[in-house]
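Thanks for making time this morning. I would like to walk you through one model, going from the chain as a whole down to a few charged side chains.

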Amino acid sequence: MRADALRNRERLVEVAQSAFATNGIDTSLEEIARQAGVGIGTLYRRFPTREDLIAAVLAERYLKLTDVALVLAEEREDVDTAMTEWLTLLMEHMAIYRGLSMAVKEAIHDVDTALGRTCRGMIDAGELLLTRGQKAGAFRLDITFYDVMTMCSAIVLAVERRSEKPNASELPKVNPYLLLDIVLRGIRV
């Protein structure tokens, strides 16, 4: 890739990170291209679909989540604590960009997409933590990591939807950590 093309790609990812954090993953791609100082054609040459751009934005974060899971699997004797710490990080990550939890939930089943491939390492790491806990007798054997991931996505989505309500300040707060604790109690033996 030429130096100017690489700069354009990096600038698009940087602007998309900021735009997704501010407005969610449904932010206008035309606006992202404009803020990056490139034409929409340049954006589509680098990222043919919105999902490709989302995958590029998430790639580094997912590598970190994968690394954390691997470290927790190696260093934490208590499998429950390792899973709790990692799922907390995962949910906090999914909450950074409005709409991300649903996009990830849909992409994890399709490794033919850029986002699905980007999620793969993170999913494998989560499965490692769950399997380790199942082998230790801490977690139920009848659940999969996709079940756990679906529940975490649902928690993030519930928090997002509550905050979007016109009378959100009048509604009871949704505590994602309490909801995660309920999920964790449900997967334990």
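How much area does the chain expose, and what share of it do carbon and sulfur atoms supply? The chain exposes about 10,000 Å², and carbon and sulfur atoms supply 52% of it, where accessible areas come from the Shrake-Rupley method with a 1.4 Å probe, and for residues only the protein chains shown count as cover.

Before going further, I should say that this is a predicted model, in which local features need pLDDT of at least 70 and side-chain atom pairs count only at pLDDT 80 or more, while totals for chains, interfaces and linings use all residues. Residues are numbered from 1 along each chain as its sequence is written, and side-chain values use heavy atoms, with hydrogens and water left out.

Let me start with the overall layout. The chain has nine helices and zero strands, where helices (DSSP runs of H or I, at least four residues) and strands (DSSP runs of E, at least two) are numbered from the N terminus. Along the principal axes, the C-alpha atoms fill a box of roughly 55 × 45 × 25 Å. Of the 189 residues in the chain, 42% are buried, and here buried means under 20% relative accessible area, exposed means over 50%, and partly exposed lies in between, with a 1.4 Å probe and protein chains only.

The chain is divided into domain 1 (1-48) and domain 2 (50-187), with bounds that come from an automatic or database domain assignment. Their C-alpha centres lie 26 Å apart. The contact between them takes 18 residues from domain 1 and 12 residues from domain 2, contact meaning heavy atoms within 4.5 Å. Within the chain, if we take contacts between residues at least 6 apart in sequence, 69% of them join residues at least 24 apart.

Now to the charges, where Lys and Arg count as positive and Asp and Glu as negative, while His and the chain ends are not counted. The mean positions of the 24 positive and 28 negative charges are 4 Å apart, the place of each charge being taken as NZ of Lys, CZ of Arg, CG of Asp or CD of Glu.

The structure holds 10 salt bridges, a salt bridge being a side-chain nitrogen of Lys or Arg within 4 Å of a carboxyl oxygen of Asp or Glu. One of them joins Asp4 and Arg2, whose closest N and O atoms are 2.7 Å apart; Asp4 is partly exposed at 30% relative accessibility, whereas Arg2 is exposed at 58%.

In helix H7 (residues 114-135), Arg120 and Asp124 are four residues apart, so about one helical turn separates them, and they form a salt bridge with the closest N and O atoms 2.7 Å apart. Arg120 also meets Glu127 in a salt bridge, at 3.7 Å from N to O. Salt bridges that share partners thus join Arg120, Asp124 and Glu127 into one network. Each member counts as partly exposed: Arg120 at 24%, Asp124 at 38% and Glu127 at 25%.

Finally, what is the nearest side chain of opposite charge to Asp52? That side chain is Arg117, 5.1 Å away, and Asp52 is buried yet has no salt bridge. Asp52 sits in helix H4 (residues 50-75) and, leaving aside neighbours within four places in sequence, is in contact with Phe47 and Ala114.
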